[in-house]
Amino acid sequence: MNDIFFNEPNWQKELSGAVSDVASLYQLLELPLPEQVYTPNKFPLRVPHAFINKMKKGDPNDPLLRQILPDIAESLPVAGYTADPLGENAHNPMKGLLHKYQSRALITVTGACAVHCRYCFRQHFDYGANLPNSQDIRQICQYIANDKRINEVLLSGGDPLNINNRRFNEWIGALSVIDNIKTIRIHTRMPAILPNRIDDELIEILANCPKNIIMVLHINHPNEIDDALAQKCQILKNHGVVLLNQSVLLKGVNDDVETLCQLSHALFGIGVMPYYLHVLDKVAGSAHFDLPIDRAIQIYWQLLEKLSGYLVPKLVQEMAGKPYKVPIDIYKRPPT
Ligand SMILES: *Cc1c(COP(=O)(O)O)cnc(C)c1O
Ligand code: SF4
């Protein structure tokens, strides 16, 4: 790794240039500013230009805009939507580590993201108390090495690619020497939000890692897929990284069969296999993205009808206390 030089790369400039005020966003999108805009103090607007550039100008209902624009509906409490719907706080054996499923351990590498997705299920997670420092890295790795049932580590967050290459390399290095770990999985929205984050240094870190590397992208709509992303996926694949995608089923974004079919085909076109389609986690502030489970099941049957088997993601829901992501029982509402 001696030939890696940790530069101050361009992506960090792009990251700090992310748009955080609604007026600028509307101006860039050539939209008139509404009379009332919602500007939450916690989890405020945050979106890099690279993602804004994929939105359609003049369309207030753009599906990418909807994912990131704060909506007054977030501030209204809705029964059944809570701060910790997944019961994650109960599976937090030490700072920075979630061990909920037997063979996989999840590390919250950072609380920060390049973008603030309004439906995010971790938007209320107590990252302050959960951000591992260098000493914690040692402890976490010790825990993982001691539990031989664990064969895979997920780097998550926040967005694990929000940290710089030097710190990311620290994690990869520490995990690479644990015998029982076969696979390191990186759950990130960064390639779709800020493709330049996938820079040469990062590629080299991943290519040199002796473990299997999986990157699970998080893309919800086909408009998120463009040439810049396609190029980065090609490079990742050339270096042996397995590419999967997870989406969240979101009202007003991707809750129709055509959009989801287009998404699966577009993903496959850039070498990414659909993995999960998540039913929304009932996190406080996200109710306006939810749709009735019957509707989700109806859409899913239509997907099964239209798509090649390998293009159909698994429809799942996370449930507190369950030792796996729970497959949705689609037979509750058979096809019509
Ligand atoms: C989603 C998740 C995993 C990974 O689950 P898979 O079904 O293997 O994708 C592991 N740990 C936690 C805490 C998770 O939320
Ligand atoms: S990138 Fe992921 S963790 Fe970050 S806000 Fe979006 S959904 Fe949440």
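Me: What distance separates an oxygen atom of ligand 1 from an N or O atom in the side chain of R104?

Reply: The distance is 2.8 Å in this predicted model. A polar contact is a pair of N or O atoms within 3.5 Å, so the R104 pair qualifies as one. R185 has a polar side-chain atom 2.7 Å from an oxygen atom of ligand 1, and the same distance is given for Y275. The protein buries 94% of the 380 Å² that ligand 1 exposes when taken alone (Shrake-Rupley method, 1.4 Å probe).

Me: Which strands supply at least two residues each of the shell around ligand 1?

Reply: They are β1 (97-101), β2 (104-110) and β7 (273-278), strands being DSSP runs of E with at least two residues. The residues around ligand 1 include K100, Y101, L154, E318 and K325.

A word on conventions: residues are numbered from 1 along each chain as its sequence is written, chains are lettered from A and ligands numbered from 1 in the order written. Local features need pLDDT of at least 70, side-chain atom pairs count only at pLDDT 80 or more, totals for chains, interfaces and linings use all residues, and side-chain values use heavy atoms, without hydrogens and water.

Me: Why is C117 called buried?

Reply: Its relative accessible area is 9%, and buried means under 20% (over 50% is exposed, in between is partly exposed; protein chains only), so C117 is buried. C117 sits in the loop between β2 and α5. Beyond four places in sequence, C117 is in contact (heavy atoms within 4.5 Å) with F43, Q67 and R189.

Me: Where does UniProt place the feature "binding site"?

Reply: The unreviewed entry places it at C113, C117 and C120, though such annotations may be inferred rather than shown by experiment.

Key:
A residue is near a molecule or strand if one of its heavy atoms lies within 4 Å of it. A polar contact is a pair of N or O atoms within 3.5 Å; within protein, one must be able to donate a hydrogen and the other to accept it, and residues adjacent in sequence count only if both atoms are side-chain atoms. Helices (H or I, at least four residues) and strands (E, at least two) are DSSP runs, numbered from the N terminus. Buried means under 20% relative accessible area, exposed over 50%, partly exposed in between (1.4 Å probe, protein chains only).
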